[in-house]
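Work through the exercises below with the sequence and the model open side by side. Each task is followed by a solution that goes step by step.

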Amino acid sequence: MESPLSTLLLFSNSSCHNSLQSTELSDNATSLMLTDSQSEGYNVSDTFTNRSSQSCSDDKCTSIREQASSTGLLDQYNAAHSQHEENYIYKCNQIMYNSPKTYQEIPKIKTFSEFRLTLKLHALLEKVANGRLTPSALYCLVTGKKLVLERNQQVHQKGFGGRMLLLVQLCCVLEIAHELLISGQVAYQRDVYYRHKVLLKSVENVRYLCGQLALFLTVRPSQLGIISCPKGLMAGQISFELNDGSVIDFSTSSGQTLPHADFVTAYFALLESGFRLRFPWAILATGKGYPDINTRRLISMLPSMLEIVVLVDYDPDGAHIYQVYAEGGLAGMHQYQLNARWAGLDCSMARIGRWGLDANRMIEFTFHDWRLGLRLINHWAQRPTLRRRIARMVYRGKKAELEIVTRFREMLLDYVDSVL
Amino acid sequence: MRTHCSAAIDGAHEDDIWHTCWVPGKHQLASAGSDEVVKIWNAQTGEIEGTLKDGEYAITSLDIDAQGKQALTSSMDHKLRVWDISSTTTNSKPTLTIDAGAINGWKSRFLRSTGEDVEPLIASSTDRGVIKLWSARTGKQMRELNTSRPKFLYALATSPDGTKIACAGVGGHVYLFDVESGMMSCTFSGHSDNVRSVSFSADSKLLVTASDDKQIQLHDARYGNPAATFLGHYGWVLSAEMHPSGMYIASGSVDTKVKIWDVAQRSCAETHSQHSQAVWSVSWQRSSADVAVTRPMLASAGEDCSINLYDPLLA
């Protein structure tokens, strides 16, 4: 291979993951194509190549590489970035070998798949440390985003600054995951954040990085050894049996947090008003607002004969929560899609009058609501029923929280009855 | 005047109908809503005479120009489309599409040109308290009228003589602009809640506003002095329009009633309960420069997807 800086990986978001499903990460990683924003001839989707894979034809790649080198873009890029990248590689090394190594101890069984994962991470880290895998290439690999160069222009240095930070954060998380896998431990995302609080700006960031890494390596995020705090609640005639044989029963009066594995006020209001007595055949679960992946995964593991009904409040956030349950979210990480029915608070005027909901209690939309509503309309451009439902909500310009139904306990069960 | 419901078109659209607009001088009615098509009906027979459809986004505003030749729709993909409706067509494409950008075209209206050499304009309301004026021929943005308060403007109206633009929205303030100078001529705050609809009288002297605080207010369009307040609806008043003679106001509301108010007596003359759900739009039949309509009919449409037509009886 040529010098490391001549290899730059590019693919579009979704096709990257599809193409990576079937290929292994081998020693001669990555390469490929340099494309500029004004050319249309390159099909960016099949750019991942490997000595053993057949997903991209070699002659196509080499010809494009020749073209790229002939235009002088590569040289420009090399010149502009060699200094920066050396600095950051040095920083990566610093982080990897100097961080403290104590974590919370939770025993974990080692399986062969984990062992393979450890090897993969080790390979990645070695390559970064030796400079054979450039930071920008790693960034592109893991996040699947493109780095696009403009023709006949200097490469924008300022665009790389933010991404370099992301890259260093990524290396940090990578190193921590590696350590956890080797020692067989598990850590909370919160703990990882507090360990390197300045570098990893927030817990959300840690979650995002774990998610991206997991998608890239085609594993579940929990297999990396960094798990999130349990968030969901469930109550009903159901019990889960865990891997080690212990049983968690959910038929207590107030429900239990989901094992590792919208509204908490609405959840408790329903329980208090006798939901269990009236609907003994139903299970009530809440993800406390936007459901995390753990909740969704557990719900997807429930037997498929259970009908899933989602009850959210009447605003674009509620619709988004339904979308997260049913399709996995707007960000493109479509995992654990459920066959859920959107029975959420529906504010056709007849319903409002009937249940004693006062239209005057509805709240004004904020700018966030408008943007989210229009974004959801765009997302559901191909599904007319859902799209029209959101369009009606957006046109009204007012939203109603679920609390207006939970305020009257007697009516609450009747409302839920009508919905179910 | 007493009106009686002469005709009803049930199942006119598949989903909510939010706008109705008569084609001036003809016996035709256009309606649009959340099912993304504009349908043009023959008011006598109740049959469809034309359908306008482009894109898969709900239509947030519908207007027909004074000659009855062009229709203007704005939809939730932030595009304004101008259609040619002078001939009856079932499948037509817009003659002009203006991409207005993120929530820059919630409501849009034709602005009548005051002279022969003056370019015909389209006014569109945004979510930041700004009205953009576009050219109706080329589609370029010409001017901008700023209320300097970043509020979502739900309602927009252009005066029939083409000199004034009124807009109102969240917060209940109504802003009046003078088109030629581009300055705000006056602003008044008669309402305590969002204003859903604003419309001028036929002589451009009075302004009717309908709001979520269940009131309809009448103001002087030149100086903004309040003239009357009409109370009587039980829910948000979604739409109010003045009769061409200036003696009556029709309004539709969330409480499913269509009310006709007597302006001189400041009271409700009639209430119609033909709709089973909220009434989003009421409109009187318009006359064009050539054809005058002596007994304008009233059309109302709403969430029950049906259009009701009311015929005024001679007193």
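**Exercise 1. Chain B as a whole**

Task: Determine what share of the contacts in chain B with a separation of 6 or more comes from residues 24 or more positions apart, and describe the secondary structure and burial of the chain.

Solution: In this predicted model, residues 24 or more positions apart account for 45% of the contacts in chain B that have a separation of 6 or more. Turning to secondary structure, chain B has zero helices and 28 strands. As for burial, 60% of the 315 residues of chain B count as buried.

**Exercise 2. A loop residue and its partners**

Task: Locate Ala136(B) in chain B, decide whether Ala136(B) is buried or exposed, and list its contacts beyond its neighbours within four places in sequence.

Solution: Begin with the position, which is in the loop between strand S12 (130-135) and strand S13 (141-146) of chain B. Next, consider accessibility: because the relative accessibility of Ala136(B) is 12%, and buried means under 20%, the residue counts as buried. Then look for partners outside the neighbours within four places in sequence, which are Leu96(B), Pro120(B), Leu121(B) and Ile122(B). Finally, take a C-alpha separation: Ala136(B) and Ile98(B) are 38 residues apart along the chain, and their C-alpha atoms are separated by 9.4 Å.

**Exercise 3. Helices of chain A**

Task: Check the lengths of H12(A), H14(A) and H15(A) against a rise of 1.5 Å a residue, and then establish which of their residues are buried.

Solution: For helix H12 (residues 316-327) of chain A, the twelve residues should span 16 Å at 1.5 Å a residue, and the end C-alpha atoms are 15 Å apart, which agrees. For H14(A), with 13 residues, the expected span is 18 Å, and the end C-alpha atoms are 18 Å apart, again in agreement. Helix H15 (residues 384-396) of chain A also has 13 residues, an expected span of 18 Å and end C-alpha atoms 18 Å apart.

The next step is burial. Eleven of the twelve residues of H12(A) are buried, so this helix is largely enclosed by the rest of the structure; among them are His320(A), Tyr322(A), Gln323(A) and Glu327(A). H15(A) is mostly covered, with ten of its 13 residues buried, including Arg387(A), Arg388(A), Arg389(A) and Arg396(A). In H14(A), the buried residues are Asp369(A), Trp370(A), Leu372(A), Gly373(A), Leu374(A), Leu376(A) and Ile377(A), and what covers them includes H12, H15 and strand S11 (398-399) of chain A.

The last step is to look just past the helix ends, where Gly328(A) follows H12(A) with a positive phi of about 95°, and Gly397(A) follows H15(A) with a positive phi near 75°.

**Exercise 4. An aromatic pair**

Task: Classify the arrangement of the rings of Trp370(A) and Phe152(B), and state where the two residues lie.

Solution: The whole structure holds twelve aromatic pairs over all chains. In the pair formed by Trp370(A) and Phe152(B), the ring centres are 4.1 Å apart and the planes meet at 25°, so the pair is stacked, since planes under 30 degrees apart count as such. Trp370(A) lies in helix H14 (residues 367-379) of chain A, while Phe152(B) lies in the loop between S13 and strand S14 (155-158) of chain B, so the pair joins two chains. Both Trp370(A) and Phe152(B) are buried. Widening the view, these two residues belong to one aromatic cluster together with Phe365(A), Tyr395(A), Trp18(B), Trp106(B), Tyr154(B) and Trp280(B).

**Exercise 5. The largest cavity and positive phi values**

Task: Describe the lining of the largest cavity, and then compare the settings of Glu36(B) and Lys214(B).

Solution: About 50 Å³ of space lies in the largest cavity, and its lining consists of Glu36(B), Asp54(B), Tyr57(B), Ile59(B), Thr73(B), Ser75(B), Arg81(B) and Trp83(B). By character, these residues divide into three nonpolar, two polar and three charged. Strand S7 (70-75) and strand S8 (79-84) of chain B each supply at least two residues of the lining.

Glu36(B), one of the lining residues, sits in the loop between strand S3 (28-33) and strand S4 (37-42) of chain B and has a positive phi near 70°, although it is not a glycine. Lys214(B), in the loop between strand S19 (206-211) and strand S20 (215-220) of chain B, is likewise a residue other than glycine with a positive phi near 70°. Their burial is as follows: Glu36(B) is buried, with a relative accessible area of 2%, whereas Lys214(B), at 26% relative accessibility, counts as partly exposed.

How values were computed: Residues are numbered from 1 along each chain as its sequence is written. Chains are lettered from A and ligands numbered from 1 in the order in which they are written. This is a predicted model: local features need pLDDT of at least 70, side-chain atom pairs count only at pLDDT 80 or more; totals for chains, interfaces and linings use all residues. Side-chain values use heavy atoms; hydrogens and water are left out. Helices (H or I, at least four residues) and strands (E, at least two) are DSSP runs, numbered from the N terminus. Buried means under 20% relative accessible area, exposed over 50%, partly exposed in between (1.4 Å probe, protein chains only). Contact means heavy atoms within 4.5 Å. The expected span of a helix is 1.5 Å times one less than its number of residues. On a 1 Å grid over the protein atoms alone, a cavity is a set of points where a 1.4 Å probe fits but cannot get out, and a pocket is an open set with protein on both sides within 12 Å along at least five of seven lines; lining residues have an atom within 4 Å of a point. Grid points are joined across faces, edges and corners, and a volume is the space filled by probe spheres set on the points. Ala, Val, Leu, Ile, Met, Phe, Trp, Tyr, Cys and Pro count as nonpolar, Asp, Glu, Lys and Arg as charged, and the others, Gly among them, as polar. Rings of Phe, Tyr and Trp (its six-membered ring) pair if their centres lie within 6.5 Å; planes under 30 degrees apart count as stacked, over 60 as edge-to-face and the rest as tilted.
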